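New to this one? Here is a quick briefing to read with the structure open beside you.

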Amino acid sequence: RGETVTLSAQNKPLAAIYIRVSTEEQALHGFSLAGQEDALKNYCSALGYEIHKIYRDEGKSAKDITHRPAMQELLQEAEQKHFSAIFIYKLDRFSRSLKDLILTIEKLKEWNVDFVSLQDRIETTSASGKLMFHIISAFAEFERNIIGERTSFGMERKSMEGGAITKPPFGYNMVNKKLEVDPEQGPKIEQLFNEFITNDISLNQLGKQYGFTVNGLKKVLSNRAYLGDVKFDGKASKGIHKPLLTEELFNQVQSKLQQKNLKSPSNMPKT
């Protein structure tokens, strides 16, 4: 593969050992660091590796790899090619988050650092080990897609039932997951729309009056939420919140916006 293998003075590949145990696990199950360490030292020796360093996270939870100092040092030195493989006792010693596990091992592959889990019989040093890892990755991807579909379905259903699914637009507040008119900002919406219709004022000047950029103002002026609609994935549904504008005023503004866009320098024909 043309990859660099980090060797010891005895020309043996170097391995890092990572061990972790939470305070609760050690108290309940006697799942000690020393027990993991001895087993992994023997496994490294049996596979012909010399140990570069043992990284220990004692009393640390598996929920999040970012709050484990030894884990962070391990990954940093893996990227710097201090060793050729990482040995762990069990996958849940490394991470209980499948997403974190897959992403981290993908990084190790980029750095040409192999990954070996003693108890799970998973390793990336052989063809069969790589196949097993790819199967795990495929299941993780499947799980992510299922979660994504459920989330999308739930948001679409909420939209169809009139519920707001994003942050509230200017003029509204989110109260108990429902849009409520902001007593201070709400009345400004009709005022803003009327001012745009009745005055010959630039979008830049009008935006400055209300604290919007030009793009921000355009989004406000074209937001159908002010008619009582909610939108998801390009589809509009009737919402359950109070509208702030009439259809007539909203449509007048859309017509004027379209005219202004046609007259803008970027849309003028080149000579």
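Is N112 buried, exposed or partly exposed? N112 is partly exposed, because its relative accessible area is 31%, and a residue counts as buried only under 20% and as exposed only over 50%. Keep in mind that this is a predicted model. With that in place, let's look at the chain as a whole and then at a few spots along it.

**The whole chain**

- You're looking at a chain of 271 residues, 38% of which are buried.
- Its secondary structure adds up to ten helices and nine strands.
- Take the contacts in the chain with a separation of 6 or more: 62% of them come from residues 24 or more positions apart.
- The chain has an accessible surface of about 16,200 Å², and carbon and sulfur atoms hold 52% of that.

**Helix α5**

- Helix α5 covers residues 98–110, so count 13 residues when you trace it.
- From first C-alpha to last, α5 reaches 19 Å, which is close to the expected 18 Å.
- Five names to look up here are L101, I102, T104, I105 and L108, which are buried in α5.
- These buried residues sit on the same side of α5, because they cover an arc of only 170° around its axis.
- A bit of background helps: an α-helix has 3.6 residues a turn, so residues three or four places apart point the same way.
- Now turn to the face of α5 that looks away from the buried side, and you'll find the exposed residues K99 and E110.

**Positive phi in two loops**

- Back to N112: it follows α5 and lies in the loop between α5 and β4 (114–117).
- N112 isn't a glycine, yet its phi is positive, at about 60°.
- K81 is another residue other than glycine with a positive phi, near 65° in this case.
- You'll find K81 in the loop between α3 (69–79) and β3 (85–88).
- K81 is partly exposed, as its relative accessible area is 35%.

**The β6–β7 hairpin**

- Strands β6 (residues 172–175) and β7 (residues 178–181) run antiparallel, and four bridges join them.
- One pairing to pick out is V175 with K178, its bridge partner in β7.
- Two residues lie between the strands of this hairpin, and N176 has a positive phi there, near 55°.

Methods
Residues numbered from 1 in each chain as written. Predicted model: local features only at pLDDT ≥ 70, side-chain atom pairs only at ≥ 80, totals over all residues. Heavy atoms only, no water. Expected span 1.5 Å × (residues − 1). Buried < 20%, exposed > 50% of the residue type's maximum accessible area, 1.4 Å probe, protein only. Arc of directions from axis to C-beta. Contact = heavy atoms within 4.5 Å. Areas by Shrake-Rupley, 256 points an atom, 1.4 Å probe, with all protein chains shown as cover. Pairing = 2+ DSSP bridges.
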